[in-house]
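Here is a short, friendly tour of a protein model, written for someone who likes to think in distances and angles. Please keep the viewer open while you read.

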Amino acid sequence: MHPPPPGPLGDCLRDWEELQQDFHGIQETHRLYRLKLEELTKLQNSCTSSITRQKKRLQELALVLRKCKPSLPSEAEEAARELENQIKERQGLFFDMEAYLPKKNGLYLSLVLGNVNVTLLSKQAKVTDAAFNFLLVWYYCTLTIRESILINNGSRIKGWWVFHHYVSTFLSGVMLTWPDGLMYQKFRNQFLSFSMYQSFVQFLQYYYQSGCLYRLRALGERHTMDLTVEGFQSWMWRGLTFLLPFLFFGHFWQLFNALTLFNLARDPECKEWQVLMCGFPFLLLFLGNFFTTLRVVHQKFHNQLHGSKKE
């Protein structure tokens with residue numbers, strides 16, 4: 001190879017040679033990465049299929065044991081109980097193993113994200129969840145402070161919505177203290193999906209309320225400190241009928257969360273007090289939100305009929 005000419009061109013050629021050497025190293029590293037990635041995928045598939053087979057055989061074994069247990073002699077009952085405990089322990093170990101393996105997305109995540117794998121293959125998931133729940137606590141605390149200031153300055157916020165934010169603060173705080181484990185992992189995806197949906201509904205509520213309040217303030221019919229709409233006018237009905245199905249679906253999802261948590265609390269493996277302490281707030285939120293929304297809709301519909309009769 002000819003020596004590089006002097007001057008800027010020579011410097012460029014020398015830099016190019018260094019880049020070429022680095023590039024060969026990058027190619028080799030990428031080749032090893034692809035081999036390891038293929039090996040990892042094969043190991044994941046092998047692990048997943050083996051665990052699925054084992055879990056199926058364990059279920060069959062547990063079913064056979066449950067059927068034959070009443071007819072066992074007294075001296076064999078102790079061995080049957082020990083085998084039953086070992087089966088439950090093995091199922092718990094499989095659940096811990098599956099936490100590090102890819103999972104199929106649920107219906108909601110499939111609709112939103114498709115087949116994108118969102119499984120975190122490390123304990124980073126719990127750290128992320130803790131940060132998320134801490135942000136929820138901070139968010140609802142700021143809401144309660146803001147609402148208290150607005151009420152003192154003449155805002156007319158319904159009492160339930162203020163109390164709702166205190167309950168949500170408590171619920172988020174309990175979720176923050178819930179340790180990682182079998183019960184937490186069973187409820188985790190459902191709670192995160194609900195939180196995503198709730199954020200979407202809150203955006204719809206904000207869009208509806210801000211539009212109504214802007215128009216009423218422009219007409220001089222509302223105080224500048226008002227955050228919600230009292231009373232009703234015919235032009236509001238179109239936006240409200242669009243919003244109501246999303247609201248009621250979210251309310252019944254809160255009831256579903258409560259029933260799921262109460263069901264988990266009955267599990268013999270459940271040792272965490274957070275399960276029940278999250279179930280009761282979800283039930284309270286459903287009852288308060290559902291009946292308050294029904295009352296508000298009935299009141300607005302009554303006001304609309306009363307206004308049309310006057311006309």
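A salt bridge here is a side-chain nitrogen of Lys or Arg within 4 Å of a carboxyl oxygen of Asp or Glu. With that cut-off in hand, take D267 and K186: their side chains meet at 3.6 Å, N to O, so the pair counts as a salt bridge. D267 sits in the loop between α7 and α8 while K186 belongs to helix α6, so this contact ties together parts that are 81 residues apart in sequence. Neither partner is buried: D267 is partly exposed at 21% relative accessibility, and K186 is partly exposed too, at 39%. Please bear in mind that the model is a predicted one.

**The overall fold**

Let us step back to the whole chain. The protein chain has eight helices and zero strands, so reading from the N terminus gives the run α-α-α-α-α-α-α-α. Of its 311 residues, 30% count as buried. Sequence-distant contacts are well represented: among contacts between residues at least 6 apart in sequence, 70% join residues at least 24 apart. The accessible surface of the chain comes to about 20,900 Å², and carbon and sulfur atoms account for 64% of that.

**Charged pairs**

How many salt bridges does a search of the whole structure find? The search gives four, and three of these pairs are described in this report, among them the one between D267 and K186. In general, side chains of opposite charge can pair when their charged atoms come close. The table puts the three pairs side by side.

| Acidic residue | Basic residue | N to O distance |
|---|---|---|
| E78 | R81 | 2.8 Å |
| D129 | R188 | 2.5 Å |
| D267 | K186 | 3.6 Å |

The pair of D129 and R188 links two helices: D129 lies in helix α4 and R188 in helix α6 (residues 182-218), so parts that are 59 residues apart in sequence are tied together. Are these two partners buried or exposed? D129 is buried, with a relative accessible area of 4%, and R188 is buried as well, at 15%.

E78 and R81 form a local pair. Both lie in helix α2 (residues 74-98), three residues apart, which is about one turn of the helix. E78 counts as partly exposed at 48% relative accessibility, and R81 is partly exposed with 39%.

**A buried acid without a partner**

Now look at E272, in the loop between α7 (237-265) and α8 (274-310). E272 is buried yet has no salt bridge. Why does it have none? The nearest side chain of opposite charge, K271, is 7.7 Å away, and a salt bridge needs a nitrogen within 4 Å of a carboxyl oxygen, so the pair does not qualify. Which residues is E272 in contact with, leaving aside its neighbours within four places in sequence? They are W178, P179 and M183.

**Aromatic rings**

W178 also leads to the aromatic side chains, since W178 is a member of one aromatic cluster. The other members of that cluster are F132, Y184, F187, F191, F194, Y197, F200, F246, F249, W253 and F282. For the whole structure, the count of aromatic pairs comes to 20. One of them joins W160 and F163 in a tilted arrangement, 5.8 Å centre to centre with 55° between the planes. These two residues are three apart in helix α5 (residues 159-177), so about one helical turn separates them. W160 counts as buried at 15% relative accessibility, whereas F163 is partly exposed, with a relative accessible area of 42%.

**A nonpolar patch on the surface**

To finish, turn the model to F134, L135, W138, Y139 and L176, which make a nonpolar surface patch of about 520 Å². Which helix gives the largest share of this patch? Helix α4 (residues 124-152) does, with four residues, and L135 is one of the residues found in that helix. Helix α4 is also where D129 lies, the buried partner of R188 described above.

Definitions and conventions. Residues are numbered from 1 along each chain as its sequence is written. This is a predicted model: local features need pLDDT of at least 70, side-chain atom pairs count only at pLDDT 80 or more; totals for chains, interfaces and linings use all residues. Side-chain values use heavy atoms; hydrogens and water are left out. Buried means under 20% relative accessible area, exposed over 50%, partly exposed in between (1.4 Å probe, protein chains only). Contact means heavy atoms within 4.5 Å. Accessible areas come from the Shrake-Rupley method with a 1.4 Å probe; for residues, only the protein chains shown count as cover. Patches are made of residues with over 30% relative accessible area and no salt bridge: like charges are joined within 9 Å, nonpolar side chains (Val, Leu, Ile, Met, Phe, Trp, Tyr) within 5 Å. Lys and Arg count as positive and Asp and Glu as negative; His and the chain ends are not counted. Rings of Phe, Tyr and Trp (its six-membered ring) pair if their centres lie within 6.5 Å; planes under 30 degrees apart count as stacked, over 60 as edge-to-face and the rest as tilted.
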